[in-house]
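Colleague: Please take a close look at a single part of this model, namely the way its helices pack. I should also like to see how that packing relates to the enclosed and open spaces that a search can find.

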Amino acid sequence: MAAKYPLTTLDQHPSLTPDLLRQVYEEMCRARCHVERVVQECSKGKIKFAIWGPGEELHGAAQAIAYSEVVNPDAFGISGHYRSAGLLSMWSRLRGYPDFHLDHMRQQLSRATDPWSGGRQMTSHFNDLQLNTLPAQSALGMQLGKAVGYARGLQQRGQQDGVVVSVVGDGTMAESDFHEGVTGASILQVPVLVCVTDNNVAISVKPKDGRGLHDLEAYAKAFDLAFFTADGNDFLEVYTVTKAAAIYCRDQQRPALMWIRNLSRLNGHSNAGDYNFDFDAHDCLLDFGEALVERGILGAGDIVRRNDQTRGDFYKRYDLGEICQRADDYIVGTINQSESEPEPSYDTIYEHIYDPYPAAVEPPAVGRETVISLNGAIRAAMRDILEDNPMTWIYGQDVAERGGVMQATKGLWERFPEQIRDAPINEPLILGTAVGFGLHEGATALPEIQFSDYSLNTLHWLVYMGNLLWTSNGTLRANVITRLPVEPLHGGAVYHSMCMEGFYGAIPGLTIIAPTTSRDFYGLLRSAAEYTGPVVVFESKGLYRMALGEAFPGEPSDPEEVKRLKQAIGMRGLIPDLPKDFRVPLGKAAIRREGKDLTIVTWGRCTLFVKEAIETLSERGVDVEMIDLRTIVPPDMETVLASVRKTGRLLVVHEDRVFSSLGRELQGQVVEAAAQWGEPVVTRVLGQDPVPGIPQNINLEHHITVSPEKVVKAAEETMATKVARGAAPSASGGEKRRAPAVVEPARTRVLWTPNRAFVG
């Protein structure tokens with residue numbers, strides 16, 4: 001049978017040597033046999049889930065060769081998707097690594113030897129930055145945001161010849177991520193090649209139901225992207241078009257869109273549906289083999305051909321030929337080798353949830369209050385981070401010339417115009433590009449979401465970056481410090497007043513800090529930038545312009561000098577000079593006041609309410625120990641538990657609603673610990689009233705939110721509950737003395753108010 005896509009113009013491409021084309025054909029056979037052997041294992045029930053892309057081997061191999069000829073491997077990235085195995089296997093082989101399919105099989109069989117995730121991710125979650133492979137993810141479309149951010153990082157690194165390819169399927173064009181990625185590439189003018197691989201179906205949904213984008217060329221033009229297209233079954237066309245597109249992105253440092261059309265899907269989307277081989281569809285492996293025979297590069301006995309069988313699978317109805325048989329033997333060998341290798345052991349599952357926090361010694365108190373506002377401390381920290389690390393990037397709405405709506409970045413853009421950029425109103429784009437930027441070793445991304453309420457549509461990204469270290473088995477890191485203004489303030493209403501602890505506190509791997517003093521803001525931000533993982537910063541909107549907490553070492557004390565400094569920071573946006581070696585450790589709470597009767601744990605704006613309440617409680621004879629968590633996830637339970645074991649009573653005070661809150665988690669951990677101690681404790685959580693949101697009416701807001709009066713009332717209710725306890729343990733850890741009289745049966749008391757979500 002004559003080839004439908006003959007290699008007629010092959011002589012015009014001298015780099016496509018016979019040896020290289022034989023290697024291409026062998027790699028295509030490996031990619032195909034990998035899928036078809038996995039299909040067999042799925043049919044036997046040995047593999048529970050697999051996802052694949054047979055029919056795309058040819059365009060992947062052609063693209064890989066084109067990239068290998070024109071890109072700088074030190075300034076290149078491929079952000080692929082689950083059907084990118086053909087591209088990545090050929091690219092890896094051209095880079096000198098022959099065992100992509102062995103690694104892929106290890107991941108398919110969830111082996112500990114899987115170098116991409118250690119058996120933690122499902123198949124096709126490719127990840128090898130050494131071979132230019134950016135990590136794939138499950139949620140479709142997120143690879144675009146990563147690609148844009150990674151390309152931005154290449155530019156900031158000084159690479160003038162960088163290229164990043166982002167591959168998506170045609171179904172992904174319906175995802176908002178697609179529009180976000182193209183928007184970001186267009187605005188930031190980064191060398192991203194968006195490659196749409198089009199097989200005219202998304203799982204089972206045809207274009208008439210799944211595609212609203214009908215003209216990709218017009219779409220590219222609308223975003224000022226260069227447009228390229230090629231028939232995905234024509235090897236030479238894909239090769240030449242890809243080469244031209246990559247050269248354009250490389251030389252112009254601008255984005256382009258490439259549509260690879262007319263692809264076949266030969267085994268369905270995955271084994272979750274009908275995955276019988278489609279023998280009626282065009283098969284690029286058969287056709288390319290015939291084209292190579294016609295050119296005399298291969299012999300008839302080398303290639304895959306259809307036989308006369310009318311029943312059975314790929315292996316029954318195809319004669320493999322010598323090259324594909326050799327490829328199949330290799331793939332069977334990868335199955336056998338992977339099966340012989342160990343599965344991940346349970347004792348490893350707690351590895352790589354967090355990297356160790358950087359060592360930090362907090363300077364002692366100086367004994368007087370600071371004159372530096374929180375805004376001033378934030379600006380100073382970010383200025384020093386930007387100065388220390390040129391691979392730092394601040395991205396967010398209005399963060400540049402305006403200095404942020406909260407004025408937290410005021411004065412920074414003028415000093416660091418190449419490291420600070422205003423973003424469009426698109427929160428997933430802001431966070432997605434930050435993650436991509438953060439994938440560069442040593443980089444720090446500092447995205448700002450203008451109001452935390454509008455970060456809810458970034459949940460995919462928060463989960464992704466929180467899980468990145470663990471799901472990659474410690475091979476990937478992204479230092480992304482996401483700043484979120486939080487909490488109610490003066491009539492912000494529902495969507496400018498949210499507390500985010502209940503939403504984000506449960507995301508594994510995130511570190512969440514909520515500084516409430518100027519020292520803590522500066523010191524924690526500096527520590528966060530020296531950490532290797534993601535940090536989310538909750539910034540209380542009501543505190544930005546306040547000077548809170550102890551003074552920094554070296555602050556002025558002369559009244560006139562203090563007045564001038566305050567005015568300069570508050571009125572002119574001065575960025576104060578603070579001790580550059582000042583650090584506050586991540587994960588460590590601060591005991592703001594020692595006491596023996598009641599432990600109050602708090603953070604955010606509530607620290608002010610608690611301090612005011614303590615004055616009243618002290619006058620009434622209640623000796624409060626106040627703990628400011630500072631790092632609220634993971635919380636410093638060692639400090640909390642030591643305090644509660646001393647006082648026997650816990651009150652958690654936060655702005656969030658109580659139901660499903662971080663306060664409930666702290667309460668639960670204390671109750672469980674108390675059961676182990678054999679000592680009863682009284683616990684209570686205080687938060688805003690259990691209504692759907694904060695109304696705009698200021699009077700209603702005041703009554704719904706936490707106040708000093710509510711703290712006093714909750715504390716007195718906690719104190720009023722009697723329990724029998726032994727004496728507090730001595731500082732040396734010696735034996736406790738049992739109390740002589742029992743007032744009530746020894747048991748833990750939980751003071752609980754039913755929430756609106758509770759049905760009795």
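**Helix packing and the spaces around it**

Modeller: Helix 3 and helix 4 pack with their axes 9 Å apart, at an angle of about 135°. Axes are lines fitted to C-alpha atoms over the stretch in contact, with angles of 0 to 180 degrees between N-to-C directions; helices are DSSP runs of H or I of at least four residues, strands are E runs of at least two, and both are numbered from the N terminus. The model is predicted, so local features need pLDDT of at least 70 and side-chain atom pairs pLDDT 80 or more, while totals for chains, interfaces and linings use all residues. Residues are numbered from 1 along each chain as its sequence is written, and side-chain values use heavy atoms, with hydrogens and water left out.

Helix 3 and helix 4 are therefore oblique to each other (under 35 degrees is roughly parallel, over 145 roughly antiparallel, 65 to 115 roughly perpendicular, the rest oblique). From helix 3, Ala85, Leu88, Ser89 and Ser92 enter the contact, and helix 4 answers with Phe100, His101 and His104 (contact means heavy atoms within 4.5 Å). This contact has 3 nonpolar residues, 4 polar and no charged (Ala, Val, Leu, Ile, Met, Phe, Trp, Tyr, Cys and Pro are nonpolar, Asp, Glu, Lys and Arg charged, and the others, Gly among them, polar).

Ala85 leads from this helix pair to an enclosed space. A search of the whole structure finds 9 cavities of 30 Å³ or more, and the largest cavity has a volume of about 180 Å³. On a 1 Å grid over the protein atoms alone, a cavity is a set of points where a 1.4 Å probe fits but cannot get out, a pocket is an open set with protein on both sides within 12 Å along at least five of seven lines, and lining residues have an atom within 4 Å of a point. Points are joined across faces, edges and corners, and a volume is the space filled by probe spheres set on them. The largest cavity is lined by 21 residues, and those closest to its centre are Ala31, Val35, Trp52, Gly53 and Ala85. At least two lining residues come from each of helix 1, helix 3 (85-94) and helix 4 (100-108), and helix 1 gives the largest share, 5 residues. By class, this lining holds 9 nonpolar, 8 polar and 4 charged residues.

Helix 1 also packs against helix 2. The axes of helix 1 (residues 18-44) and helix 2 (residues 57-70) come within 10 Å and cross at roughly 135°, which makes helix 1 oblique to helix 2. Their crossing is right-handed (the near helix is turned clockwise from the far one by less than a right angle; anticlockwise would be left-handed). Leu20, Val24, Met28, Ala31 and Arg32 of helix 1 meet Glu57, Leu58, Ala61 and Ile65 of helix 2 in this contact. Its residues comprise 7 nonpolar, no polar and 2 charged. Ala31 thus appears in the contact with helix 2 and among the residues closest to the centre of the largest cavity.

A further helix pair can be set beside these. Helix 15 (residues 427-438) and helix 16 (residues 459-471) have axes that come within 9 Å and cross at roughly 20°. Helix 15 and helix 16 are therefore roughly parallel to each other, and the crossing of helix 15 with helix 16 is left-handed. Pro428, Leu431, Gly432 and Val435 of helix 15 are in contact with Trp461, Leu462, Tyr464 and Met465 of helix 16. That contact divides into 7 nonpolar residues, 1 polar and no charged.

Met465 of helix 16 leads on to the second largest cavity, which has a volume of about 100 Å³. Of its 15 lining residues, Met465, Leu469, Thr532, Gly533 and Pro534 are the closest to its centre. This lining has 9 nonpolar, 4 polar and 2 charged residues.

The open spaces remain to be described. The largest pocket holds about 690 Å³ of space. Its lining has 30 residues, with Leu129, Gln130, Leu439, His440 and Glu441 nearest its centre. Two or more lining residues each come from helix 5 (142-156) and helix 18 (518-530). By class, the lining of the largest pocket has 13 nonpolar, 10 polar and 7 charged residues.
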